[in-house]
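Please work through the exercises below with the sequence and the three-dimensional model side by side, trying each task before reading its solution.

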Amino acid sequence: MNEQGSLVNKKNIKCLVVQLGPLSDTIQSLMALRAAKQLYPNVDFSMVVRSQHSAAARRVDWLENVFTLPTEAIINQIVDSEKTIKEGMADLGLWLSPVVGNGWDFLVNWTYSQASSYLSSLIPAQIKLGYVRENKQSLLCSDGWSCYIHAAVQSDIKQNIHLTDILTTQLLTTFQIHLGEPEDNGEKAVTSKSFFVLDSGAVDSAWDYLYSSKKWICIHIRNEEKHKNWSSLEWSEFASFLLRRHPEYNIVITGDEKEKNFSNECYQNLIRDLPECENRVLSLVGETDFDLWTSIVGKCAWLVSSDITAVQLASVLGTRILHLAPGDVKYYEIGPYGNSHYVVTSNEKIRVEAAYAVWSYASSEWAHHGNKTIYEHFQQLGYSGLISKTDVLRTKIRSTQNGGGVFYERLIKEHYELSDLVANVIGQIARGWYCGWIAPTGQEINREFITPELIKEIRLMLESSLVLYRVTLEAVNVATELVDVSGRLKSDKIMSLNERDKIQSIGKKLIELDALIDRLAKAQPMLAIFAKMSQVLIHNLESEKLSSAARDTAEVYRQMNEGVAVLREWLEHTIEISKPVIVQKRPLQLIEGQRKL
Amino acid sequence: MIVDTKWLKGRIVKDPEVNTKDIEGLIEGFLDNLISEKTLGKVKINSRVDKTIKPRSK
């Protein structure tokens, strides 16, 4: 097969996406696929999803096929001992048959789980992305972005590329190589109120009537992880703030059936405090299917929620979002996608007053046009004391000239940490590695956020990164030496004792350098990305001969070395821009007929 | 700065057809892991995956 542009002249390209994750992952995948469909309209996309999470995929009219995997039915029968494992396997095989026989050109596994890696190996396709199984069923990453997901996204490493952007870039870059350039330049928006084709008969006519006469805020409740999420009292306090101070808004409360008791408590608390507002609050918890829920969220002016699925749905529909993301929620990877959404986060529980302050600031943007800072707004409301406990971010979509994708603009500088700076740089390094986008050094670093304490930390990091730079450079040299030695061998299996000893000694050196990279990463956790990436990349090398394995290994260390060099460049740049700047005095201006000082 | 375009192309599968003697093992592995996900809880795209990279033991 001619690898470069191999499918350029083929009509009817077929691409299957495997997404066995929950509904939030399916919606995120659909957003990425929509972007690809706009640029490559001749590609036929199909999806494999779990039956219980298939609603979103079935409501999209540009998918050729949606294969629903009845996981619950198959597994429950085995767990309940109604069927044996062998019988379960037979059921799976039967289900697989129509999926397998389609002659797929691309198979994209966006689930990134152990289970899905087996499925993606069972389905034949010319080109695969994501996790697969090969060679005695070991887990393999098919491509660079999958390695990045394995090493960075699915670990403790903080990086700032949104998952939707990773999936989109992964697919589009692969298409560009195999299918050629896209038909248009990709500036069209992906999100839309009509993203899903809803069953109009299923949409509640009562809601439709209510919606058309008023402005609504949807509060989607999810009561998991109680210590971080709000209590029913706190939700009702927040709703009370909105209703008392904003007579133009009404509230609709949504959530799963299992949230019914909790939401009833919220509702009762609210009506007890504000009985006059009873006709401005509608509770539909446990009463919405996917169609009605989508219709509601799509028609509301705002969604307020901590639930990721609700946030993804509102993103896709273009509804503005106030995302409550307490604790260690990775909002920068799975948070709102689009322009002017707001994220409120905190290491403690988010204060109701703070959340209200952020929402009121965001909803009055049309009035202040960004000329009022969030500090001033908190001060006006009498909540200045909450600033130190509340972190606020606003989403922005970068233009294509600036690299595209979403980024989270921090509005409160006190919370800016070294990990945020490094996360930004790691994201830029990954883009440099895997989509050829080189951001200008220091992009999106705000000079005002750089404190003397941060500079101290950066200087320490520069010292350890210099050691890492030298170690990775040495690893490149040692691996290159192995290329030379192994290249002279007539066979990998037959060699002289001297050659064998030489190869063993070089191998031992590489193992020592690897161990040193690991120790550096433990001592300076911000450098862990390089240790993890090199481990994952080396595990996924495809080379069969020793000399090609050595060459590929050298390339891995070269890639890490270049990444460390970029990191150091950004750290040095940050120190540079933090230095005081001399303010130039304006020269005297003489205006004709007058003398002005 | 792109290091190696092979990482951008995706894994090009030279012989797309799955070897019949591998099929049973792969289906068993698939089912095994689906059952583990159910008993251990949902596995989301952004959750941790077992980082120990080793062949599946038989």
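**Exercise 1: the sheet of chain A**

In this predicted model, chain A holds an open sheet of 8 strands with mixed pairing, in the order β9-β8-β7-β10-β11-β12-β13-β14. Determine which strands stand at the edges of this sheet.

Solution. Begin with the ends of the order: β9 (281-283) and β14 (406-410) of chain A each have a single partner strand, so one side of each is left without a neighbour in the sheet. Then follow the strands across the sheet, where the twist averages 20° from one strand to the next.

**Exercise 2: the neighbours of β7 and β10**

Trace the pairing from strand β8 through β7 and β10 to β11 of chain A, and give the sense of each pairing.

Solution. Step one: strand β7 (residues 215-220) and strand β8 (residues 249-254) of chain A run parallel and are joined by 6 bridges, and C218(A) has V252(A) as its bridge partner in β8(A). Step two: β7(A) also pairs with β10(A) in the parallel sense, over 4 bridges, with W302(A) as the bridge partner of I217(A). Step three: β10(A) pairs in the parallel sense with strand β11 (residues 320-324) of chain A, again over 4 bridges, and here L303(A) stands opposite I321(A).

Now decide whether the faces of strand β10 (residues 302-305) of chain A are covered or uncovered.

Solution. In a regular strand the side chains alternate between the two faces of the sheet. W302(A) and V304(A) lie on one side of β10(A), L303(A) and S305(A) on the other, and all are buried, leaving both faces covered.

**Exercise 3: a helix pair**

Classify the relative direction of helix α3 (residues 71-79) and helix α4 (residues 85-100) of chain A, and describe their contact.

Solution. The two helices pack at an angle of about 170°, with their axes 9 Å apart. Since angles over 145 degrees count as roughly antiparallel, α3(A) and α4(A) are therefore roughly antiparallel to each other. I74(A), Q77(A) and I78(A) make the contact from α3(A), and I85(A), G88(A), D91(A) and L92(A) from α4(A); these residues divide into 4 nonpolar, 2 polar and 1 charged.

**Exercise 4: checking a helix length**

Check the span of helix α17 (residues 418-435) of chain A, and say how far the helix is covered.

Solution. At 1.5 Å a residue, the 18 residues should span 26 Å, which agrees with end C-alpha atoms that are 25 Å apart. As to its surroundings, α17(A) is mostly covered, with 14 of its 18 residues buried. Just after the helix, G436(A) takes a positive phi of about 70°.

Definitions and conventions
Residues numbered from 1 in each chain as written. Chains lettered and ligands numbered in written order. Predicted model: local features only at pLDDT ≥ 70, side-chain atom pairs only at ≥ 80, totals over all residues. Pairing = 2+ DSSP bridges. Axes fitted to C-alpha atoms, helices over the stretch in contact; angles between N-to-C directions. Parallel < 35°, antiparallel > 145°, perpendicular 65-115°, else oblique. Contact = placed C-beta atoms within 7 Å. Nonpolar A, V, L, I, M, F, W, Y, C, P; charged D, E, K, R; others polar. Expected span 1.5 Å × (residues − 1). Buried ≥ 20, exposed ≤ 12 C-beta atoms within 10 Å, placed from the backbone.
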